[in-house]
Amino acid sequence: MRLEKDNAIRLFNCEAPGSEGIKLEEIFYEEKMEDGRIKKVVQHVLNPEMVPYIPSSSKDKKIPAVLIIPGGAFRRLVYNFEGEEVAKWLNSLGIVAFVLKCRLPADEHNDSYNVSLIDAQRSMRIIRARADEFNIDANKIGVMGFSAGGYFAALLSTAFDKNVYDKKDDIDELSARPDFCICGYPVISYDKCIEAGQRYFPKEVIIANVRSYEENMLKKYNPEELASPQMPPVFVFETDDDRTTLAENSIGFYMAARKAGVPAELHIFREGGHGFGCGDDNGQTGEWKQLFVNWAKSLNII
């Protein structure tokens, strides 16, 4: 079964760079969670694309846009909780959203550890190129990611100018730099994953549970080390009881932005675990949405 959207924007009209000659069968499936909710998952992406979600607000003025990158442990994308639902919430704020279905390092692409960054860069350039079409303010285009998607959002924000694929058309002349960055419970650093995790598990257990593609990806690109004064303002949220991507990752990225002299804001909730997406409006995790709104208003994004 495939995930198909009539209005999806394919990132490349030819074979995507880094996947030339590769054969992959994209799949879409559902998982029932313990709380009864259904998780919708996409895996083995070969032809990256993004789906636009357009708010019903008036066309009187240009509005912001956000590229959303769902998480999924670098091997799949949790498309509904960290994609569609977030997009619809952003629409309620009058923000255009694009949910990215990107290639992932777990699959055996020719350039596995660059394909996600390639897709993120290309997505930002396409959004910027088509800003007028979607009534977008070309100076207010951000990126938002969750878990592994939070890593890719942080990576795009710090490696937007890395030359990771050959130019395909005039769109690639445009900047891939996001104007702002939001990371939800991101994984950032391999070393922090290992060191912080030792509070809960023996080091050898943690290392054994880190898949090789995760280790290779995190060692190739560390957004903390790539942080610079050129990166955009950053908003990060996390929980203290997250045992999947420990809060040290969020703290480290926040501190890296601060040291670079970039405006940054960090929120760590006492409880809520991992993978909460839009969050629980009856608990702490749902508070990140209003905190984001306050932050975005303070920067004149909305």
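This report walks through the sheet, one helix, the salt bridges and a few loop residues of the structure above. The model is predicted.

**The sheet**

An open sheet is built from 8 strands, in the order β1-β4-β7-β5-β8-β9-β10-β11. Its pairing is mixed. The edges belong to β1 and β11 (264-269). Each has a single partner strand, so one side of each lacks a neighbour in the sheet.

Strand β9 covers residues 181-184. Strand β8 (residues 136-146) runs parallel to β9, and 4 bridges join the two. Within this pairing, Val143 has Cys181 of β9 as its bridge partner. β9 also pairs with strand β10 (residues 234-239), again in the parallel sense and over 4 bridges. There, Ile182 is partnered by Phe235 of β10.

Side chains in a regular strand alternate between the two faces of the sheet. In β9, Cys181 and Cys183 lie on one side, and Ile182 and Gly184 on the other. Both faces are covered, and these four residues are all buried.

From β10 the sheet continues to β11. The two strands run parallel and are joined by 6 bridges. Glu238 stands opposite Ile268 of β11.

**Helix α8 and a nonpolar patch**

Helix α8 takes in residues 247-259. Its 13 residues reach 18 Å from first C-alpha to last, close to the 18 Å expected at 1.5 Å a residue. Just after the helix, Gly261 has a positive phi of about 80 degrees.

Many side chains here are covered. Ala247, Asn249, Ser250, Gly252, Phe253, Tyr254, Ala256 and Ala257 are buried. Ser250 has a relative accessibility of 0%, so Ser250 counts as buried. Beyond its neighbours within four places in sequence, Ser250 contacts Tyr185, Pro186, Val236, Phe237, Glu238 and Leu266.

Met255, also in α8, is partly exposed, with a relative accessible area of 33%. Met255 joins Ile251 and Ile268 in a nonpolar patch on the surface. Together the three have about 210 Å² of accessible area.

**Salt bridges**

The count of salt bridges comes to 17. Three of them are set out below.

| Pair | Closest N to O distance |
|---|---|
| Lys101 and Glu26 | 2.8 Å |
| Arg122 and Asp169 | 2.9 Å |
| Lys192 and Glu224 | 3.1 Å |

Take the pair of Lys101 and Glu26, whose side chains meet in a salt bridge. The pair links distant parts of the chain, 75 residues apart. Lys101 sits in strand β7 (residues 96-101), and Glu26 in the loop between β1 and β2. Are these partners buried or exposed? Lys101 is buried at 4% relative accessibility. Glu26 is buried too, at 8%. A network of salt bridges links Glu26, Glu49 and Lys101.

Next comes the salt bridge of Arg122 with Asp169. Arg122 lies in helix α2 (residues 115-129) and Asp169 in the loop between α3 and β9, so the pair ties together parts 47 residues apart in sequence. Arg122 is buried, at 3% relative accessibility. Asp169 is partly exposed, at 26%.

Then there is the salt bridge between Lys192 and Glu224. Lys192 belongs to helix α4 (residues 190-197) and Glu224 to helix α7 (residues 223-226), so this pair ties together parts 32 residues apart. Lys192 is partly exposed, with 23% relative accessibility.

**Two loop residues**

Lys168 is in the loop between α3 (148-158) and β9. Lys168 is partly exposed, with a relative accessible area of 38%. Which residues does Lys168 touch, leaving aside its neighbours within four places in sequence? The contacts are Phe12, Cys14, Pro17 and Arg122. The C-alpha atoms of Lys168 and Glu108 are separated by 22 Å, with their positions 60 residues apart along the chain.

Glu15 is in the loop between β1 (9-10) and β2 (27-32). Glu15 is partly exposed, at 45% relative accessibility. Leaving aside neighbours within four places in sequence, Glu15 contacts Glu20 and Gly21. Glu15 and Leu46 are 31 residues apart in sequence, and their C-alpha atoms are 8.7 Å apart in space.

Notes:
Residues are numbered from 1 along each chain as its sequence is written. This is a predicted model: local features need pLDDT of at least 70, side-chain atom pairs count only at pLDDT 80 or more; totals for chains, interfaces and linings use all residues. Side-chain values use heavy atoms; hydrogens and water are left out. Patches are made of residues with over 30% relative accessible area and no salt bridge: like charges are joined within 9 Å, nonpolar side chains (Val, Leu, Ile, Met, Phe, Trp, Tyr) within 5 Å. Accessible areas come from the Shrake-Rupley method with a 1.4 Å probe; for residues, only the protein chains shown count as cover. A salt bridge is a side-chain nitrogen of Lys or Arg within 4 Å of a carboxyl oxygen of Asp or Glu. Buried means under 20% relative accessible area, exposed over 50%, partly exposed in between (1.4 Å probe, protein chains only). The expected span of a helix is 1.5 Å times one less than its number of residues. Two strands pair if DSSP finds at least two bridges between them. Contact means heavy atoms within 4.5 Å.
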